[in-house]
Structure formats: structure tokens, C-alpha cells
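Please open the structure in your viewer and keep the selection tool at hand. The stops below go from the whole chain to a pocket and then to a single residue.

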Amino acid sequence: MTDTENISKVTDIINDSHIGMLTTINEEGALVSRPLAVQDVKEDGDLWFFTGLDTSQVAHVRADPRVNVSFGKRTEWVSVAGTAEVITDRAKIHEMWNQTVEAWYPDGPDTPEVCLLRVDSESAEYWTSPGGTAATVFQWVKSKVTNSRMSVGESGTVEL
């Protein structure tokens, strides 16, 4: 696949998944993950999330901006590596605001603790298993019977 096709594959998986597991590095150097709803995926793979200034992810990003965000849905997965930045620009918050975010912040986009996390994506790896679970199970059985390595789909790495 070309880089353009790989980037398109990555953004398609993210858009189909909606929820990503954001992994940050805590004060002790341990990896910590939590689910966040992606608000926007740019063509270059950059990701935008709403969160709160008082959250652990904001504290972690401010101390060490290196992050990973993973997405998965049934038979497709993607892992995005990059650096995150906390955005407190009210105009940008208003621009990206939507009704889904109101479930967490019912007072609206001017809620003082609302902020955005922008992930500047540097690279991504994706895996797909066409045909769903049944095809994956079939490939597993076939590999056992033929004593060969299992082949379940495609994967790729792309620099963003």
C-alpha cells in the first residue's frame, strides 16, 4: 500500500472506533491508559480529545508529552504514537464543541476545567483481519492442521 492508502486506513479505523485508549507516562514512569472519545482525526493522523484540566492525563502530558493511543473494533486495530499538548484556547474549544461532550460537561464549552488534548501523531501501526471472527478462527485451525504460521490479514506501519 502507498503512504496515502496507509494513512487513509489508519484514519478509517480510528473514525470507525470512536473511543481510543490514551496511554501516558505517570510520575513514577509507569504507563497508564484510559478511554477517551476522539473528537476529530485530521488527514495527517493528528487526534483531538476533550478532557478536564484536573485529570491525570493532563498532568501526565504536561510532565511528559509522549503518548500512545490505540483503537480497535472487532477485526481492525491501530496504535498511534505521538506527543500530546494541552489546549485551553476557548475559541478552539467552542469550534470543536458538540452535544456528546455535554454529557461530561453539562455547563457547556465555557466550563473552566474543559480543555482539549491534541495528539501530534508521529507514526501508526495497524492490523486488519478481513472476514471477521469466523475467518480468524478458520485461519487458526488451518495453521494448526498444516503446522504453518497463521495469516489473518494485513498490517502496516506509516509515518505521519
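In what order do the elements of the protein run from the N terminus on? In this predicted model, colouring by secondary structure and following the chain from the N terminus gives the order α-β-β-β-α-β-β-α-β-α-β, with four helices and seven strands in the protein.

Staying with the whole protein, switch on the surface, whose accessible area comes to about 9000 Å², with 51% of it belonging to carbon and sulfur atoms. Of the 160 residues, 41% are buried, and among the contacts between residues at least 6 apart in sequence, 65% join residues at least 24 apart.

Next, select Leu36, Ala37, Phe50, Thr51 and Trp104, which are the closest to the centre of the largest pocket among the 14 residues that line it; the volume of this pocket is about 230 Å³. Then add strand E2 (31-41) and strand E3 (47-52), each of which supplies at least two residues of the lining, and note that E2 gives the most, with four residues. If you colour the lining of this pocket by residue class, eight residues appear as nonpolar and six as polar, while no charged residues are found there.

For the last stop, select helix H2 (residues 56-63) and, within it, His60. Is His60 buried or exposed? His60 counts as buried because its relative accessibility is 5%, below the cut-off of 20%. To display its surroundings, leave aside the neighbours within four places in sequence and show the residues in contact with His60, namely Thr24, Ile25, Asn26, Glu27, Val32 and Arg34.

Terms used:
Residues are numbered from 1 along each chain as its sequence is written. This is a predicted model: local features need pLDDT of at least 70, side-chain atom pairs count only at pLDDT 80 or more; totals for chains, interfaces and linings use all residues. Side-chain values use heavy atoms; hydrogens and water are left out. On a 1 Å grid over the protein atoms alone, a cavity is a set of points where a 1.4 Å probe fits but cannot get out, and a pocket is an open set with protein on both sides within 12 Å along at least five of seven lines; lining residues have an atom within 4 Å of a point. Grid points are joined across faces, edges and corners, and a volume is the space filled by probe spheres set on the points. Ala, Val, Leu, Ile, Met, Phe, Trp, Tyr, Cys and Pro count as nonpolar, Asp, Glu, Lys and Arg as charged, and the others, Gly among them, as polar. Buried means under 20% relative accessible area, exposed over 50%, partly exposed in between (1.4 Å probe, protein chains only). Contact means heavy atoms within 4.5 Å. Accessible areas come from the Shrake-Rupley method with a 1.4 Å probe; for residues, only the protein chains shown count as cover.
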